[in-house]
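Please keep the sequence and the three-dimensional view side by side while you read this note. The points below take up the surroundings of the ligand and then the pairs of charged side chains.

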Amino acid sequence: AVSEPLIALNNVEVLYADVILSLKGITLQVASGGCTVLLGPNGAGKSTTLKTISGMLDVEEGRVASGNVRMLGKDITGVSAEQMVAEGVVHVVEGRKVLRHMTAEQNLVVGGHRLTRMADVKQGLERVYGLIPRLAELRTRTAGYLSGGEQQLLLIGRAMMARPRLLMIDEPSLGLAPLMVKEIFDLLGKLRAEGVSLLIVEQHAQAALELADHGYILENGRVVLEGTAAELRANEDIQEFYLGNQ
Ligand code: ATP
């Protein structure tokens, strides 16, 4: 049998407040163990697609109006965010903030709040510090005083404490200096190599397409183009609109 994708959206329509049709029939798949990227202009529906998968639509009065979402073949349409975390789906939402008055390590511990045994929390911290050595150096620092890039590393570390099988990140490099962008993408590459599946929304198309295996271009609530990362990099429209070569 053909193996089921980790996540599949089948003709999904999403409504906000019962009136705003945000996704207009999105069909896409996220493979197990790879990296999938969503590209597209502002308002295309990228963030809404992630929220549809993580169960975070209801916070904003959104809902799936038709179609369905499946995880390894099982229907998960409309499942709560809490339950999705239990399923191993962790979503770092756009503009999420660290807990400013806590130390970096306390932020990580919060990310592991579902771990009930101290030994698991400790092991989680060790894993995160192994992956992101900089966080080990910063662990006693107050999170609110870390740089933007360090805060982004902390948010990813915090998400890792929940032991995701699918990590979804909205705009991981937003507002960061080029060196930091590289550090973030290097980290995402390490997570991928460890077998964490990734779904990322990213303005930085070049870096994203270097990391990703597969990508989708969204416009106005629809998928207008999809392909392997290599196909997308070679596509002239993409080169013009997203990669800045004319
Ligand atoms: P951006 O990069 O600007 O976040 P995006 O591709 O992630 O863009 P979405 O944020 O998913 O796009 O928005 C898709 C559409 O849904 C837009 O028309 C937007 O106005 C609408 N929308 C998003 N969130 C809400 C909300 N909470 N209530 C009403 N409409 C919303």
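1. The shell around the ligand divides into four nonpolar, six polar and three charged residues. Please bear in mind throughout that this is a predicted model, and that each distance and area mentioned here was computed from it.

2. Of the 13 residues around the ligand, those that come nearest are G43, K46, S47, T48 and E60. In the case of G43, a backbone N or O atom lies 2.8 Å from an oxygen atom of the ligand, whereas for E60 a polar side-chain atom lies 2.7 Å from a nitrogen atom of the ligand. A further contact involves E94, which has a polar side-chain atom 3.5 Å from an oxygen atom of the ligand.

3. On its own the ligand has 630 Å² of accessible area, and the protein covers 69% of that area. Two elements, strand 2 (20-30) and helix 1 (46-54), give two or more residues each to the shell around the ligand, and helix 1 gives the most, with three residues.

4. Turning to charged pairs, a general remark may help: side chains of opposite charge can pair when their charged atoms come close. Across the whole structure, a search finds 11 salt bridges, and the next points take up some of them.

5. The side chains of E194 and R127 meet in a salt bridge, with N and O 2.9 Å apart. Because E194 lies in the loop between helix 7 (178-193) and strand 8 (197-201) while R127 lies in helix 4 (residues 118-131), the pair ties together parts that are 67 residues apart in sequence. E194 counts as partly exposed at 45% relative accessibility, and R127 is likewise partly exposed, with a relative accessible area of 33%.

6. A salt bridge also joins D213 and R192, whose closest N and O atoms are 2.9 Å apart. This pair links distant parts of the chain, since D213 sits in the loop between helix 8 (205-211) and strand 9 (214-219) and R192 sits in helix 7, 21 residues away. D213 is partly exposed, with a relative accessible area of 34%, and R192 is partly exposed as well, at 25%.

7. Salt bridges that share partners join R117, D120 and R163 into one network. Within this network, the side chains of D120 and R117 meet at 3.1 Å, N to O. Is D120 buried or exposed? Its relative accessibility is 15%, and because buried means under 20%, D120 counts as buried.

Notes:
Residues numbered from 1 in each chain as written. Predicted model: local features only at pLDDT ≥ 70, side-chain atom pairs only at ≥ 80, totals over all residues. Heavy atoms only, no water. Near = heavy atom within 4 Å. Polar contact = N/O pair within 3.5 Å; in protein donor to acceptor, adjacent residues only side chain to side chain. Areas by Shrake-Rupley, 256 points an atom, 1.4 Å probe, with all protein chains shown as cover. Helix = DSSP H or I, 4+ residues; strand = E, 2+ residues; numbered from the N terminus. Nonpolar A, V, L, I, M, F, W, Y, C, P; charged D, E, K, R; others polar. Salt bridge = Lys/Arg side-chain N within 4 Å of Asp/Glu carboxyl O. Buried < 20%, exposed > 50% of the residue type's maximum accessible area, 1.4 Å probe, protein only.
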